[in-house]
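Reader: I'm new to this one. Could you take me on a close look at the largest pocket, and tell me what surrounds it?

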Amino acid sequence: MNPIFRACCLTLLLFLSILATPPHAQADWELPTSPESDAFNGIWGDGSNVVAVGDNGAIVYSTDGGSTWTAGTCAETSNLYAVWGSGTNFYGVGDSGTIIYSTNGGRSWGATKFAISNNFKSVWGSGNYIVGVGEGSIIRSTNGGSSYGASSYSGTNILRKVSGSGTDFYAVGDAGLIVYSSDGGDNWAVVTSPTTNDLKAVCYSDTGIIAVGDGGTIVFGTGASFSTVTSPTSENLTNVWSSGTNVLAVGSNGTIIQSSDGGSSWTIAASGLTSNTLLAVYGSGTNVLAVGENGTILQSSDGGSSWATTASGLTANSFNNVWGSGTNFVAVGESGTIAHNTGESTQESGQTSGQASGQAVPGLPKSGLLLLGALLAALALYRTKGKKTLS
């Protein structure tokens, strides 16, 4: 065989081996320098503005979607558990009646201390209504955070999560507690709950309200009427997220369950994990991430039907929360850890999932495709013009 022809064939085989090699998601994730070493508990973003909050008053912000981070300026040193925002306005809540607020994307913060010792666990906003919930107390603002007041609610059980739409807000908590407000968070009614299990998270779907909790508990309802839904798992569920009628909940031992009808019926979505509790789930369109213990990051590009482990070995620190927009995602967790997906969605070897968006062929960059095409064209031309020589 002509040596030039043999060299072309060997080069072609090399490119084909690259083509057949599954991509490794590690290259798509980075650990940006974090200005904090305390654990982050909450994260929220709007466009390129992203804010994370955590223990001992830790606050960081990013103006480029999560690539670079700066410490926010705030005199508050209490543990902060949650943050929510819209535009450049952000609101956080934490221990000892603390609520913090920023009007410049997280650069500087003011703080309000309510005359209570209760800890606030979650915050949510809808228009000018901002609601924070926690240990037996609910606070609210009706003017976009300019001022706050205590609501009419008073209880003993911990409220762990709140969500709202328009003037309607729902909060859920321990011992199956469900409370509801239809006036922007001022007046609250305790809803007759179908469960006594602790409820850990709540969200809206297009068809109703979904709350999840311990023992695989799922409750679904509208208005003040709720009932339990048959659950495909007995694992503790820690968080829930929805988009339209697509709803996903995550929990212990890598559990992921999915509903395609807004929360009325559920199935197991195979995560590929048998250990590690998943602590948060968040999506943008069909791109969804679930994060949890020991640096676990799971990624789906089809709305949660199939999942792949991604960024394995990036860190051993647990991730407590995640936020994303489009294909850009940020996960935060222990010891000030921040993980940022650069926007190219790829899959880890050995996992089943759809082809990564933005890549024409898995594992091969566009420059490689161009070189491969040129090689094939040159080989075809060489075979045509050098046919007599080769024969």
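Author: Buried residues account for 52% of the 391 residues in the protein chain, where buried means under 20% relative accessible area with a 1.4 Å probe, protein chains only. This is a predicted model, in which local features need pLDDT of at least 70 and side-chain atom pairs count only at pLDDT 80 or more, while totals for chains, interfaces and linings use all residues. Residues are numbered from 1 along each chain as its sequence is written, and side-chain values use heavy atoms, with hydrogens and water left out.

As for the fold, the chain has three helices and 32 strands; both are DSSP runs numbered from the N terminus, helices (H or I) of at least four residues and strands (E) of at least two.

Now for the pocket you asked about. The largest one has a volume of about 1100 Å³. A pocket here is an open set of points on a 1 Å grid over the protein atoms alone, where a 1.4 Å probe fits, with protein on both sides within 12 Å along at least five of seven lines; lining residues have an atom within 4 Å of a point. Grid points are joined across faces, edges and corners, and the volume is the space filled by probe spheres set on them. There are 38 lining residues, and those closest to the centre are Ser 122, Lys 161, Ala 201, Asn 239 and Asn 321. Among the elements that give two or more residues to this lining are strands E2 (40-46), E10 (120-126), E22 (237-243) and E30 (319-325). E22 gives the most, with six residues. Sort the lining by type and you get 21 nonpolar, 13 polar and four charged residues; Ala, Val, Leu, Ile, Met, Phe, Trp, Tyr, Cys and Pro count as nonpolar, Asp, Glu, Lys and Arg as charged, and the others, Gly among them, as polar.

Two of those lining strands lead us out into sheets. E30 belongs to an open sheet of four strands, ordered E1-E32-E31-E30 and paired antiparallel. Strand E1 (29-30) and E30 sit at its edges with a single partner strand each, so one side of each has no neighbour in the sheet. E1 is joined to E32 (338-341) by two bridges, and two is also the minimum number of DSSP bridges for strands to pair. Trp 29 has Asn 341 in E32 as its bridge partner.

E10, meanwhile, is in an open antiparallel sheet with the order E10-E11-E12-E13. Its edge strands are E10 and E13 (149-150), each pairing on one side only. E12 (138-141) pairs with E13 over two bridges, antiparallel, and Ile 139 stands opposite Ala 150 in E13.

Technical notes:
Buried means under 20% relative accessible area, exposed over 50%, partly exposed in between (1.4 Å probe, protein chains only).
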